[in-house]
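This report walks through a single protein chain, moving from its cysteines and overall make-up to its helix contacts and a few individual residues. Please keep the sequence and the structure in view while reading.

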Amino acid sequence: MLAQQFVFWCETASSAERCAAVEMLANAVVNRKFLPGDLREAEAALVIAAEDPSPRVRRAIADGVADADNVSRQLVRILSQDVDDVALPVALLSPMLTAEDLCELVRGGRLALCVAIARRADLPAAVAAAIAEGAEPRARVELARNRSASLEGAAIARLVEAAAETAELRFALLQRDDLPAGLRHALLSALGDALCASPLVANVVGLPRAARLRDELHEQATASLIDTIRSDEIAAFVEQLRGASQLNAAVLVRAVCMGRIDLFAASLSRLTGLPDARVRAIVAEAREPAFAALAAAAGLPKSVVPLLLSAIRVWKDMAGDDRFDPADAASTVMDRLAVAFRGEARGAEAEDVSRLLHRMSCEVQQSTARRRAERYLAA
């Protein structure tokens, strides 16, 4: 009888009166203020009211049940398919909407709904994938900003691909802690490309300098990741560098000098096709004939072989020496290498290596000084 009485009453009530009525009714349903039999009648009355001609009435219902987990799923689905003003609270908050319900709404293509869904807490991976694949840029940006969204490999790779055309999406992705190193490198490289392709940059520094600047930014993108990359990300990172034609001697020299022997060995294994265990054994032994043959198979210039061997041996010597602060280890290695190779550059390739070594030494020293200062300030 409650549902019938409510329908009859609505026929003569004003929209303001109906709004007040559905607010009280929704509150009573959510908080279980009815006996079981009357509760079913009250829920039925809300479903009927969800077809009210006034959007204000339907929005009042949506606000009342948006975050409830004990209301009719039929009611929630009706509200989620209403006009944006009614559907948004439910799309953003309702736990009654399943992943398939949300994917269906995303596939509907309404921007406001996609944005609201992208902001949902603990967004399921399937829904995130649907937004990454088919939603408009604005929704993708909101998805990237949602730190609680479950972004799996294909979804986050699609976002990175789309970020090539959207600066705001690039920025949002770079703020995420769960962005894999390989994709972070791709984003940083894309950022460098976009910056150097800017007419403003080309006009200010000229096209040749802009091209050199792009190469320097790519190198810095790689350098920023080498020191922090996790072991489980190395394989994907190496493949990313190789696919971008950036797995070169400079990267390998930097990896060794920074103590990332694991990254160095994985790179050689990928370049030579030799098993990881065999490559790691050759690198660990650091004996010149076998190491030189391995470097040649990887396509490395002969001029870098002595440098690489020296760096590996210095790291081995320091591994068991407690006198060195781990935070200063890379700086110590660079200092020793700079002294060892000072004045030994012969030929164009060797001069390039010498310049690279000098630049890396300056970068490492600045980084070490900055970390030391931060440590003292935090003490």
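## Burial and the cysteines

Throughout this report, a residue is called buried if its relative accessible area is under 20%, exposed if that value is over 50%, and partly exposed in between. The model is predicted, and the values given here are computed from it.

By that cut-off Cys10 is buried, because its relative accessible area is 17%, and Cys103 is likewise counted as buried, because its relative accessible area is 6%. A disulfide is a covalent bond between the sulfur atoms of two cysteines. With a disulfide taken as a pair of cysteine sulfur atoms within 2.5 Å, the count in this model comes to zero.

## The chain as a whole

The secondary structure comprises 23 helices and zero strands. Of the 379 residues in the chain, 44% are buried. When contacts between residues at least 6 apart in sequence are considered, 60% of them join residues that are at least 24 apart.

## Helix α4 and its surroundings

Helix α4 spans residues 55-65, and its buried residues are Val57, Arg58, Ala60, Ile61, Ala62 and Val65. An α-helix has 3.6 residues a turn, so residues three or four places apart point the same way. Which elements cover the buried residues of α4? The cover includes α2 (15-30) and α3 (36-49), together with α5 (73-80) and α6 (84-93).

## Two helix pairs

Two of the helices that help to cover α4, namely α5 and α6, also pack against each other at an angle of about 130°, with their axes 7 Å apart. That angle makes α5 oblique to α6. On the α5 side the contact is made by Val76, Leu79 and Ser80, and on the α6 side by Val86, Ala87 and Val90. The residues of this contact divide into five nonpolar, one polar and no charged.

Further along the chain, helix α10 (residues 137-145) packs with helix α12 (residues 167-174) at an angle of about 15°, and their axes are 8 Å apart. Angles under 35 degrees count as roughly parallel, and α10 and α12 are therefore roughly parallel to each other. The crossing in which α10 passes α12 is left-handed. In this contact Arg138, Arg140, Val141, Ala144 and Arg145 of α10 meet Glu168, Leu169, Ala172 and Leu173 of α12. Those residues divide into five nonpolar, no polar and four charged.

## A buried arginine after α12

Arg176 lies in the loop between α12 and α13 (181-196). Is Arg176 buried or exposed? Arg176 counts as buried, because its relative accessible area is 1%.

Leaving aside residues up to four places away in sequence, Arg176 touches Leu143, Ala144, Asn146, Arg147, Ala149, Leu151 and Arg184. One of these, Ala144, is 32 residues from Arg176 in sequence, yet the two are 7.6 Å apart in space, C-alpha to C-alpha. Ala144 is also among the α10 residues that meet α12, and in this way the surroundings of Arg176 include a residue of that helix contact.

## Buried positions in α18 and α21

Ser269 lies in helix α18 (residues 261-272) and counts as buried, because its relative accessibility is 9%. Beyond residues up to four places away in sequence, Ser269 touches Leu274, Pro275, Asp276 and Val279.

Leu307 is found in helix α21 (residues 305-319), and at 1% relative accessibility Leu307 counts as buried. The C-alpha atoms of Leu307 and Leu337 are separated by 7.5 Å, although these residues are 30 residues apart along the chain.

## Two loop residues with positive phi

Most residues other than glycine have a negative phi. Against that background, Arg32 has a positive phi of about 55° although it is not a glycine, and Arg32 lies in the loop between α2 and α3. At 37% relative accessibility Arg32 counts as partly exposed.

Asp122, which is also a residue other than glycine, has a positive phi near 55°, and Asp122 is found in the loop between α8 (111-118) and α9 (125-134). Asp122 counts as exposed, because its relative accessibility is 62%.

Note on methods
Residues numbered from 1 in each chain as written. Predicted model: local features only at pLDDT ≥ 70, side-chain atom pairs only at ≥ 80, totals over all residues. Heavy atoms only, no water. Buried < 20%, exposed > 50% of the residue type's maximum accessible area, 1.4 Å probe, protein only. Helix = DSSP H or I, 4+ residues; strand = E, 2+ residues; numbered from the N terminus. Contact = heavy atoms within 4.5 Å. Axes fitted to C-alpha atoms, helices over the stretch in contact; angles between N-to-C directions. Parallel < 35°, antiparallel > 145°, perpendicular 65-115°, else oblique. Left-handed = near helix turned anticlockwise from the far one by under 90°. Nonpolar A, V, L, I, M, F, W, Y, C, P; charged D, E, K, R; others polar.
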